[in-house]
Amino acid sequence: MSVASSVDSSGASGLSFFERHEFLIRRLHSLSGLIPVGAFMVVHLTVNASVLNGPETFQENVYSIHALGKILPLVEWVFIFLPLLFHAAVGVWIITTGKPNTSHYAYGANIRYTLQRATGMIALVFILYHVYHQHGWLHMQWWLDLIEQFGGHQFRPYNAPSTAGASLQNPIIIAFYALGVTASVFHLANGIWTMGITWGAWTSPKAQRNALYVCGVFGAALLVVGLSALGGMVAVGSGEGFENARQVEDKMFESKVEQGLVDPNSHKKAHEEPPGEGEAE
Ligand code: HEM
């Protein structure tokens, strides 16, 4: 049964907004999963994995991103958060109103169909937490001051490796990140395969089998990148790794200030004082 015929109708035509525009909305949902959301995820995991080459490499990458300055929040909202919210909202709509078609696919495809929906829900919970944990959702000072006390907004761009690493020292949080990254990677890799069907890129059973193999290899490679990034961050967040990262970050910050590239009183820097003694950012 189609989604359109399985939901209550409303409006003059007897069809809801979603039902009237279902084809277009589903195509936009499909496209947004790859561009920009999927493409961003690949870049994001790769940049994070650059910490494995040493804290300076990751820190330099973060400086390059923050070189966008005042337009960075605009870029984040237009190319990352809004497309992701759109994809997630339509995804939740599909999951909560669509009928599982377990009798229509071959066994393997049925399992992947269910996993695509389950990993979408896991990715949603994980991404909401992850953005709260590192970024803080909204960059309003009163809000950031509030959520810092509840584990939010841990990342400081000018102390990128050490603050990201320090926020990833609790085994439960590490396990949740590992689950979230694994679910998101599966969702993208399997999603690219289902996209090829949605858009008619692979139609014959043989072409679909070949595409499944390519998507599987892509997913496995991206999973290695994602989990390595997590491991690299954990390692740099305590002990000698942390001390070394802080020294590297401080040197880079001083040099950027000297060159006039960053503001010496930047709120993007970690608190130097023990919590509670310093001025709130
Ligand atoms: C990590 C971020 C995400 C990426 C990279 C991503 C990527 C994709 C891709 C490429 C597809 C395939 C589209 C198609 O079959 O035509 C897809 C499908 C899907 N996504 Fe996502 N997605 C993400 C997050 C989410 C979230 C948070 C949800 C919400 C729960 C979600 C729900 C869905 C659903 C239900 C489908 C299947 C649509 C269908 O079979 O018609 N996704 N996703």
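Author: Two residues are in contact if their C-beta atoms, placed from the backbone, lie within 7 Å. Keep that in mind for the helix pairs here, and remember that this is a predicted model.

Reader: Fine. Which residues of H3 meet which residues of H9?

Author: On the H3 side you have Ser30, Gly33, Leu34, Gly38 and Met41. Their partners in H9 are Ser184, Leu188, Gly191, Ile192, Met195 and Thr198. By class, that contact holds five nonpolar, six polar and no charged residues. Gly counts as polar here, so Gly33, Gly38 and Gly191 go in the polar pile.

Reader: And how do the axes of H3 and H9 sit?

Author: H3 covers residues 22-49 and H9 residues 171-198; their axes come within 10 Å and cross at roughly 145°. The crossing is left-handed.

Reader: Why are H6 and H9 called oblique rather than roughly parallel?

Author: Check the angle. H6 and H9 pack at about 135°, with axes 8 Å apart. Roughly parallel needs an angle under 35 degrees, roughly antiparallel over 145, and roughly perpendicular 65 to 115. An angle of about 135° fits none of those, so the pair is oblique. This crossing of H6 past H9 is left-handed.

Reader: What is in the contact of H6 with H9, by class?

Author: From H6, the residues include Arg112, Gln116, Gly120, Phe126 and His130, and from H9 they include Phe176, Ser184, His187, Asn190 and Gly191. The tally is eight nonpolar, ten polar and one charged. Arg is on the charged list, so Arg112 belongs in that class.

Reader: Which helix gives the most to the shell around the ligand?

Author: H9, with eight residues. H3, H5 (72-97), H6 (107-135) and H9 each supply at least two. Of the 26 residues around the ligand, the nearest are Ser30, Gly33, Gly91, Gly120 and Gly191. The shell divides into 13 nonpolar, twelve polar and one charged.

Reader: What makes threonine 163 buried?

Author: The cut-off is 20 or more other C-beta atoms within 10 Å. Threonine 163 has 25, so it counts as buried. It lies in H8 (residues 160-166). Setting aside neighbours within four places in sequence, threonine 163 touches Gln154, Phe155, Arg156 and Ala270.

Reader: Why is tryptophan 137 partly exposed rather than buried or exposed?

Author: Tryptophan 137 has 15 other C-beta atoms within 10 Å. Exposed stops at 12 or fewer and buried starts at 20, so 15 lands in between. Tryptophan 137 is in the loop between H6 and H7 (141-148).

Reader: How about histidine 153: what makes it buried?

Author: Histidine 153 has 25 C-beta neighbours inside 10 Å, which clears the cut-off of 20, so it is buried. Its place is the loop between H7 and H8.

Reader: What are the phi values of tryptophan 137 and histidine 153?

Author: Tryptophan 137 has phi near 70°, and histidine 153 has phi near 50°. Both are positive values in residues other than glycine. Most residues other than glycine have a negative phi.

Reader: Cis or trans: which kind of peptide bond joins isoleucine 35 and proline 36?

Author: Cis, with omega about 10°. Proline 36 is found in H3. Most peptide bonds are trans.

Reader: Last one: how many helices and strands does the chain have?

Author: Eleven helices and zero strands. Buried residues make up 22% of the 281 residues.

Conventions: Residues are numbered from 1 along each chain as its sequence is written. This is a predicted model: local features need pLDDT of at least 70, side-chain atom pairs count only at pLDDT 80 or more; totals for chains, interfaces and linings use all residues. Axes are lines fitted to C-alpha atoms, for helices over the stretch in contact, and angles run from 0 to 180 degrees between N-to-C directions. Helices (H or I, at least four residues) and strands (E, at least two) are DSSP runs, numbered from the N terminus. A crossing is left-handed if the near helix is turned anticlockwise from the far one by less than a right angle, and right-handed if clockwise. A residue is near a molecule or strand if its C-beta atom, placed from the backbone, lies within 6 Å of it.
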